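Please keep the structure open in your viewer and follow the selections below in the order they are given. Each stop names what to select and then says what is there.

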Amino acid sequence: MVLLFLAGCAEPQRPPPEAPALHERPTDSATLVEARYFTVSIGESVADAEERANMLSALARQPGSNFGEISRQYTGAAPQTVRFERGSVPTDQEALAEATFGLAVGEVSRPVRVGTSFAVVHREANPAEGPTSVGAKHILIMHVDSQRVPDGVTRTREEAQALAADIARRARAGENWEELHRTNTDEPGSPTGGDLGTFERGSMVPAFEAAVWGMEVGAISDPIETPFGFHVIQRTR
């Protein structure tokens, strides 16, 4: 059978048969995993591409093999790195995530069909547990000493803090968040509800970021002071 190769890539030699697994893998409870993977593109024949991917997978599972070197030698590119958080996997990466969660650390997968390619996955050591991103919305109460304060804001810092505390109390009591935001926020051009979407660490000023990462999803903060004023924050993700 003729195999499909990328231009300039070496042809893999068929490795010897693998020894059968003698023990079941212990249950993995990790919620955040990391993997490297390379792909074999499907050309005119799915069967040819799958056979090539199977040969590379078997080669990568041999003792002493170097996953990165196999990727570079036989696909012409370094492996890609990806992280998955259990329960928060994009639809187009579900197959890769399922393969990764099914591997022990250091193990290499059989070929996984991903779109128009077959992927071979190597499970890396677990990264630090916790989400890779969070989501939040906020109501910003500014005062005369706030950075970028718009015209018309005349309240003192103490008045801003007291107003923010009252808004936090009302939000926790069940008042409509969007209405509280609409009638109170001082943030110029703030989106509806003050929704900031999702963001990674290092995206926000330190006090705001520390507050969000320390909250449970759905929780509403006490007033959090930053150079822009006092924020009432609700974590959304």
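Begin with the largest pocket, whose volume is about 280 Å³ in what is a predicted model. Of the 14 residues that line this pocket, select H138, L140, E187, F228 and H231, which are the closest to its centre. If you then colour the whole lining by class, you will find eight nonpolar, four polar and two charged residues.

Two of the residues just selected, H138 and L140, lead to the next stop, since they belong to one side of strand β5. Select β5, residues 134-141, and ask how many of its eight residues are buried. The strand is mostly covered, with eight of its eight residues buried, and the cover extends to both faces. On one side lie V134, A136, H138 and L140, while G135, K137, I139 and I141 lie on the other, and all of these are buried.

Now widen the selection to the sheet around β5, which is an open sheet of four strands in the order β6-β5-β8-β7, with antiparallel pairing. The edge strands, each of which pairs on one side only, are β6 (195-199) and β7 (224-226). Looking across the sheet, you will see a twist that averages 40° from one strand to the next.

The neighbours of β5 can be taken one at a time. With β8, residues 229-235, β5 pairs in the antiparallel sense over six bridges; within this pairing, I139 stands opposite V232, and I141 has F230 as its bridge partner. With β6, β5 pairs in the antiparallel sense over three bridges, and here the residue to select is V134, which stands opposite F199.

Keep β5 and β8 displayed, and add helix α5, residues 177-184, which packs on the sheet and touches both of these strands. The direction of α5 makes about 40° with that of β5.

For the last stop, move to helix α3, residues 94-101, and select its buried residues, namely L96, A97, A99, T100 and F101. An α-helix has 3.6 residues a turn, so residues three or four places apart point the same way. With that in mind, compare the directions of the selected side chains in the viewer. Which strands are included in what covers the buried residues of α3? Add β1 (32-41), β2 (80-85), β3 (112-114) and β4 (117-123) to the display, for these strands are included in that cover.

Notes. Residues are numbered from 1 along each chain as its sequence is written. This is a predicted model: local features need pLDDT of at least 70, side-chain atom pairs count only at pLDDT 80 or more; totals for chains, interfaces and linings use all residues. Side-chain values use heavy atoms; hydrogens and water are left out. Two strands pair if DSSP finds at least two bridges between them. Axes are lines fitted to C-alpha atoms, for helices over the stretch in contact, and angles run from 0 to 180 degrees between N-to-C directions. Contact means heavy atoms within 4.5 Å. On a 1 Å grid over the protein atoms alone, a cavity is a set of points where a 1.4 Å probe fits but cannot get out, and a pocket is an open set with protein on both sides within 12 Å along at least five of seven lines; lining residues have an atom within 4 Å of a point. Grid points are joined across faces, edges and corners, and a volume is the space filled by probe spheres set on the points. Ala, Val, Leu, Ile, Met, Phe, Trp, Tyr, Cys and Pro count as nonpolar, Asp, Glu, Lys and Arg as charged, and the others, Gly among them, as polar. Buried means under 20% relative accessible area, exposed over 50%, partly exposed in between (1.4 Å probe, protein chains only).
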